[in-house]
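Work through the following exercises with the sequence and the model at hand, and try each task before reading its solution.

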Amino acid sequence: MQSRRGVKNMQFFTEIKRSFEIIVSDRFWLVKLLFAAVLLINPLLLVSALNGDRLLLCWTAGLNLLTFWLPLGYTMEVLRRARNDTIANLGLPSWDLKHWGAYVREGAVKFFIAIFTLILPSGAWIAACGLVFNALGRPALTGMAAPFVFFFTIPICAVGCCRWLDSGDLMSAALDYRVNFDYYRLRWSEYSIAMLILMGLSTLGNSFILTLPFITIFSLCVVDTWFGPIYADSAKEVAEI
């Protein structure tokens, strides 16, 4: 039993290593991800927020609102290639202008799915933690308990996105919590390890605020290259049930 568990753990870490290798093996990975990072969170937005420049903050926030959908759709394409096991051969998606329309559409799809699988459930959990620990006179514990919800909501959001890629049924992908949880349950340990990697990278990004956009897009792409195959395996199991 222990040897089998050791082999399984070794496979997990081999997949983690492979995810990083897939990203950096693309000749233009740094340029592609830097461009995506600027579109996701404009560095000028961070600078204006730090400096308290309200005028610049308003302008950059408006610009960021327009560009935000592109990197979301970009990561959806990364997830598609990972789910179909083609990302190692195709590499990271390009930023050719002909793809921008698809990125915007699929970015909107990803955001819609995230509202119901990630944003609302996570917000409800964090609010509940705040109410409970404030009532107990331990408000500091909210910050410790709140992040645990992301071990469930982020993978389930990825499951919803993969289900949409498979079926095109947006409402089912976003709102069928039972089916999404069934996929998650079949591979919860792999998803949890992936989340540890994502949270570690996010902590690194938060330590250096100006690198946050790049660390965010890099970690999303790395984890998506792992989430895709995990979902593909669980989809095979569901089909056999």
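**Exercise 1. The cavity.** Find which residues line the largest cavity of this predicted model, and state which elements give two or more residues to that lining.

*Solution.* Start with the count: the search gives 1 cavity of 30 Å³ or more, and the space in the largest cavity comes to about 40 Å³. Next, list the lining, which consists of I16, S19, F20, A194, I197, V222, V223 and W226. Placing these residues on the secondary structure shows that two or more of them come from each of α1 (2-25), α12 (188-207) and α13 (212-240). Finally, sort the lining by class, which yields 7 nonpolar residues, 1 polar residue and no charged ones.

**Exercise 2. A salt bridge between two helices.** Determine which helices hold D166 and R83, and decide whether each of the two residues is buried, partly exposed or exposed.

*Solution.* First, establish the contact: the side chains of D166 and R83 form a salt bridge with an N to O distance of 2.8 Å. Then locate the partners, for D166 belongs to helix α9 (residues 150-167) while R83 belongs to helix α5 (residues 69-83), and therefore the pair ties together parts that lie 83 residues apart in sequence. For the last step, compare the accessibilities with the cut-offs, under 20% for buried and over 50% for exposed. D166 has a relative accessible area of 42% and is therefore partly exposed, whereas R83, at 19%, counts as buried.

**Exercise 3. Salt bridges within one helix.** Describe how D182 is paired with R178 and with R185, and work out how the spacing along the helix relates to a turn.

*Solution.* Begin with R178, whose side chain meets that of D182 in a salt bridge of 3.4 Å, N to O. Both residues lie in helix α11 (residues 177-186), where they are 4 residues apart, or about one turn of the helix. Turn next to R185, which also forms a salt bridge with D182, here at 3.7 Å, N to O; R185 and D182 are 3 residues apart in helix α11, again about one turn. The accessibilities complete the picture: D182 is partly exposed at 24%, R185 is partly exposed at 44%, and R178, at 57%, counts as exposed.

**Exercise 4. The wider set of salt bridges.** How many salt bridges does the structure hold, and which residues are linked in a network with E77?

*Solution.* Counting over the structure gives 10 salt bridges. Following the links from E77 then leads to a network of salt bridges that joins E77, R80, R81 and E106.

**Exercise 5. A surface patch.** Identify the residues that make the nonpolar surface patch of about 280 Å², and explain how L175 is classed by accessibility.

*Solution.* The patch is made by M171, L175 and Y177. Of these, L175 can be placed in helix α10 (residues 170-175). Its relative accessibility is 36%, so L175 counts as partly exposed.

**Exercise 6. Distance in sequence and in space.** State how far M199 lies from I115 in sequence and in space, and place M199 on the secondary structure.

*Solution.* In sequence, M199 and I115 are separated by 84 residues, and in space their C-alpha atoms are 20 Å apart. M199 is part of helix α12, and with a relative accessibility of 22%, M199 counts as partly exposed.

Notes
Residues numbered from 1 in each chain as written. Predicted model: local features only at pLDDT ≥ 70, side-chain atom pairs only at ≥ 80, totals over all residues. Heavy atoms only, no water. Patch = residues over 30% accessible without salt bridge, like charges linked within 9 Å, V, L, I, M, F, W, Y side chains within 5 Å. Areas by Shrake-Rupley, 256 points an atom, 1.4 Å probe, with all protein chains shown as cover. Salt bridge = Lys/Arg side-chain N within 4 Å of Asp/Glu carboxyl O. Buried < 20%, exposed > 50% of the residue type's maximum accessible area, 1.4 Å probe, protein only. 1 Å grid on protein atoms, 1.4 Å probe; cavity = no way out; pocket = protein on both sides within 12 Å on 5 of 7 lines; lining within 4 Å. Points joined across faces, edges and corners; volume = space filled by probe spheres on them. Nonpolar A, V, L, I, M, F, W, Y, C, P; charged D, E, K, R; others polar.
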